[in-house]
Amino acid sequence: MTVKCVWELQQAIYAALNGDATLGAMINGVFDHVPQDTEYPYVTIGEMRASDYSTKTTAGVQIDFSVNVYSRGKGSKSCLDIITRVNDLLHDVDLTLATCEHINTRFVSSDIIRRPDGLTYHGVINFRVVVQE
């Protein structure tokens, strides 16, 4: 198992999200690290966890990752709309990786949480990806 596929996957996720005009019209950016004073709403690429998914004949990696949505819209609808678009862009879509072979990306779960400030909605959408070397 190699973790090089994790970095390649992060780059592909960023490209898919950042390159979409519809999502771009809904948010103020896609980030790994959010610059100070970034206006809401925005999206971050969240945590990633890699696990061996090899067989006798193939080296593979299962990668669980999350995308976070931060919104201050009136109610949770804007957060849900952004989550829906992120899902449309990543679920069951072929992602191009530099040296690893993308097998599939599947939606796992999503949550929307109101932050303690009472103004911010935090959406989390979780995916599972299988790649081969």
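**Exercise 1. Work out how well strand S3 is covered, and which way its residues point.**

Step 1. Start with the count: 12 of the 12 residues of S3 are buried, so to speak of a mostly covered strand is fair. Buried here means under 20% relative accessible area, exposed over 50%, and partly exposed in between (1.4 Å probe, protein chains only). Strands (E, at least two residues) and helices (H or I, at least four) are DSSP runs, numbered from the N terminus. Keep in mind that this is a predicted model: local features need pLDDT of at least 70, side-chain atom pairs count only at pLDDT 80 or more, and totals for chains, interfaces and linings use all residues. Residues are numbered from 1 along each chain as its sequence is written, and side-chain values use heavy atoms, with hydrogens and water left out.

Step 2. Now split the strand by direction. Gly60, Gln62, Asp64, Ser66, Asn68 and Tyr70 point one way; Val61, Ile63, Phe65, Val67, Val69 and Ser71 point the other way. Both sets are buried. In a regular strand the side chains alternate between the two faces of the sheet.

**Exercise 2. Find the strands that pair with S3, and give a bridge partner for each.**

Step 1. S2 runs antiparallel to S3, with 9 bridges. Two strands count as paired if DSSP finds at least two bridges between them. One bridge here puts alanine 50 opposite isoleucine 63 of S3.

Step 2. S5 pairs with S3 as well, again antiparallel, over 12 bridges. Look at serine 71: its bridge partner in S5 is tyrosine 121.

**Exercise 3. Check the span of helix H1 and say what its buried residues pack against.**

Step 1. H1 covers residues 4–18, and its 15 residues should span 21 Å at 1.5 Å a residue. The expected span is 1.5 Å times one less than the number of residues. The end C-alpha atoms are 21 Å apart, which agrees.

Step 2. Cys5, Val6, Glu8, Leu9, Gln10, Ala12, Ile13 and Leu17 are the buried ones. They pack against H2, S1, S2, S3, H3 and S5, where a contact means heavy atoms within 4.5 Å.

**Exercise 4. Do the same for H3, and find out where its buried residues sit around the axis.**

Step 1. The 14 residues of H3 reach 20 Å from first C-alpha to last, close to the 20 Å expected.

Step 2. The buried set is Cys79, Ile82, Ile83, Val86, Leu89 and Leu90. They cover an arc of only 125 degrees around the axis, which puts them on the same side of H3. The arc is that of the directions from the helix axis to the C-beta atoms.

Step 3. Their cover includes H1, H2, S2, S3, S4 and S5. Just after H3, aspartate 92 takes a positive phi of about 60 degrees.

**Exercise 5. Track down the disulfide and describe its geometry.**

Step 1. Searching the whole structure for cysteine sulfur atoms within 2.5 Å turns up 1 disulfide. Cysteine 5 is joined to cysteine 100, S to S 2.0 Å. The pair links distant parts of the chain, with cysteine 5 in H1 and cysteine 100 in the loop between H3 and S4, 95 residues apart.

Step 2. The torsion about the S-S bond is about -85 degrees, so the disulfide is left-handed.

Step 3. Buried or exposed, for cysteine 5 and cysteine 100? Cysteine 5 has 0% relative accessibility and counts as buried; cysteine 100, at 7%, counts as buried too.
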